[in-house]
Amino acid sequence: MNIPFSPPYIDQDIIDEVVASLQSGWITTGPKVKALEEEVIKLTSCPQALCVNSWTSGAMLMLKWFGVKEGDEVIVPAYTYSATALAVLHCGAKPIMVDVKDDFTIDESKIAQKITEKTKVIMPVDIAGWPCDYEAINNLVNRPDIQEKFKPQNEVQSKLNRILVVSDAAHSIGAKISGIETGVLTDITIFSFHAVKNITTAEGGVICLNLPSPFNNADEYAYLRMMTLNGQTKDAFSKSKAGGWRYDIIDLGLKINMPDVCAAIGLAQIRKYDHNLLLERKRVFDAYSQSFSKLSWTQLPPQDNHRIQSSYHLYALRLKNVTEAQRDAIIDEIAKLGVAVNVHFIPMPMLTLFKNLGYKIEDYPVAFDNYSREISLPIYPQLSSEQVDYVIQSVIDSYQKVMSVSNA
Ligand SMILES: Cc1ncc(COP(=O)(O)O)c(C=O)c1O
């Protein structure tokens with residue numbers, strides 16, 4: 001059997017929506033993007049949603065919007081996909097890494113000690129679709145002693161008058177804490193619509209604006225929308241209307257808008273997300289948990305509880321008492337059986353760019369431990385129960401093969 005890691009979910013509804021976009025006479029940002037933004041608002045209840053061409057570009061836009069620049073610091077977990085920190089570096093600021101917990105998310109108890117007068121933003125990451133402890137993080141940024149440290153350097157920062165919380169929710173669309181959707185758990189939430197994500201537009205992302213008063217989220221949306229289009233007052237769709245040619249460039253924007261032809265894919269997916277695609281992911285997640293919970297050598301990823309519901313983006317299985325080399329050998333054996341698995345993530349301090357910047361993995365022991373024992377299993381709606389069983393058996397056989405050789 002050959003089981004890919006994460007093929008996109010493409011059904012007839014998606015093909016029809018893309019074809020409709022192709023045949024409509026308009027393929028870049030226009031009505032499909034607007035419709036997708038409205039579906040995101042419907043799903044998450046966020047006040048405003050702005051589609052962009054990736055999570056990464058969305059994060060860069062929001063950091064720039066907050067005026068993050070050279071000399072500033074942004075707190076991120078050491079354990080994430082590098083885009084989280086790369087967006088910070090692109091603004092000239094310094095990512096300040098914090099170790100994570102056993103549930104893979106940033107250790108909120110270690111954030112306060114990293115906050116300085118240079119800290120402008122905290123970017124927690126909902127690894128695998130498991131939301132961070134946002135209650136603790138939101139309480140922290142509103143604590144009087146932490147607020148006192150915040151030194152606003154522009155109008156937007158003065159308006160908020162505290163550290164901004166931008167959630168890296170690349171994995172977690174559809175996750176919930178106490179029934180409240182990701183998208184409204186922090187000031188700003190950014191979802192990724194990359195090809196392997198729960199909802200995809202091939203490449204893309206969406207920024208959910210949930211700014212507190214005195215911000216007006218609709219005004220910020222209107223400004224940010226222009227900033228996704230080179231700071232141009234009119235998008236190409238409006239300009240293409242008869243008589244609509246005149247425009248202005250009002251600020252130094254980016255060119256990071258999402259095309260309609262891409263939005264069409266996500267639009268057809270999001271319409272069947274919470275009552276279909278997400279439940280199918282849960283089916284696979286629960287089947288893995290049921291089987292692996294019976295084995296003494298496995299550690300299950302965090303499981304839904306009365307408060308937190310995952311978006312089941314990854315099934316991050318950990319093996320107990322294995323070395324990094326044994327884990328790698330087990331992955332090789334699983335691959336020989338035709339199953340594509342992955343590792344989420346190589347902690348950033350282990351990657352060349354960050355090593356060269358002075359980060360050391362020894363400073364993040366939990367991130368290393370999580371990484372060294374982790375194997376991400378295929379999880380997507382199209383997986384049949386026979387395929388799920390085959391994945392489970394492949395993991396078991398591969399573990400036994402490698403560990404019996406290691407222990408011999
Ligand atoms: C945690 C995390 N953050 C950010 C990103 C970047 O998303 P995009 O590829 O849409 O820029 C990813 C993508 O894999 C991710 O896993």
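Domain bounds come from an automatic or database domain assignment. The model is predicted: local features need pLDDT of at least 70, side-chain atom pairs count only at pLDDT 80 or more, and totals for chains, interfaces and linings use all residues. Residue numbers start from 1 along each chain as its sequence is written.

**Exercise 1. Domains**

State which domains the chain has and describe the side of domain 1 that touches domain 2.

Step 1. The assignment gives domain 1 (12-270) and domain 2 (273-407).

Step 2. Taken over C-alpha atoms, the centres of domain 1 and domain 2 are 27 Å apart.

Step 3. Contact means that the C-beta atoms of two residues, placed from the backbone, lie within 7 Å. By that criterion 30 residues of domain 1 are in contact with 29 residues of domain 2.

Step 4. Helices (H or I, at least four residues) and strands (E, at least two) are DSSP runs, numbered from the N terminus. On the side of domain 1 that touches domain 2, the elements giving two or more residues are β6 (176-177) and α10.

Step 5. For the classes, Ala, Val, Leu, Ile, Met, Phe, Trp, Tyr, Cys and Pro count as nonpolar, Asp, Glu, Lys and Arg as charged, and the others, Gly among them, as polar. This side of domain 1 has 16 nonpolar, nine polar and five charged residues.

**Exercise 2. The seven-stranded sheet**

Give the strand order of the open sheet of seven strands, then place helices α2 and α8 on the sheet.

Step 1. Two strands pair if DSSP finds at least two bridges between them. The order is β1-β9-β8-β5-β4-β2-β3, and the pairing is mixed.

Step 2. β1 (48-52) and β3 (94-98) are the edge strands, each pairing on one side only.

Step 3. Axes are lines fitted to C-alpha atoms, for helices over the stretch in contact, and angles run from 0 to 180 degrees between N-to-C directions. From one strand to the next, the twist averages 25°.

Step 4. Within the sheet, β5 (residues 164-168) and β8 (residues 188-192) run parallel and are joined by three bridges. S167 has T189 of β8 as its bridge partner.

Step 5. α2 packs on the sheet and touches β1 and β9 (205-209), its direction making about 135° with that of β1. Helix α8 (residues 217-227) also packs there, touching β1 and β9, but its direction makes about 10° with that of β1.

**Exercise 3. The α2 and α10 pair**

Describe how helix α2 meets helix α10.

Step 1. Two packed helices are described by the angle between their axes and the distance between the axes. For α2 (residues 31-44) and α10 (residues 260-270), the axes come within 8 Å and cross at roughly 30°.

Step 2. The crossing is left-handed, a term for a near helix turned anticlockwise from the far one by less than a right angle, right-handed being clockwise.

Step 3. From α2, the contact residues are P31, K32, V33, A35, L36, E39 and L43; from α10, they are D260, A263, A264, G266, L267 and I270.

Step 4. By class, the contact has nine nonpolar, one polar and three charged residues.

**Exercise 4. The three-stranded sheet**

Work out how β6 is placed in the sheet of three strands.

Step 1. This open sheet has the order β7-β6-β11, with antiparallel pairing.

Step 2. Its edge strands, β7 (180-181) and β11 (308-309), each pair on one side only.

Step 3. Two bridges join β6 to β11, and the bridge partner of I177 in β11 is I308.

**Exercise 5. The ligand shell**

Which residues come nearest to the ligand?

Step 1. A residue counts as near if its C-beta atom, placed from the backbone, lies within 6 Å of the molecule or strand. Of the 14 residues around the ligand, S54, W55, T56, A170 and S192 come nearest.

Step 2. α3 (55-65) and α4 (83-90) are the elements that give two or more residues to the shell.

Step 3. The shell divides into five nonpolar, eight polar and one charged.
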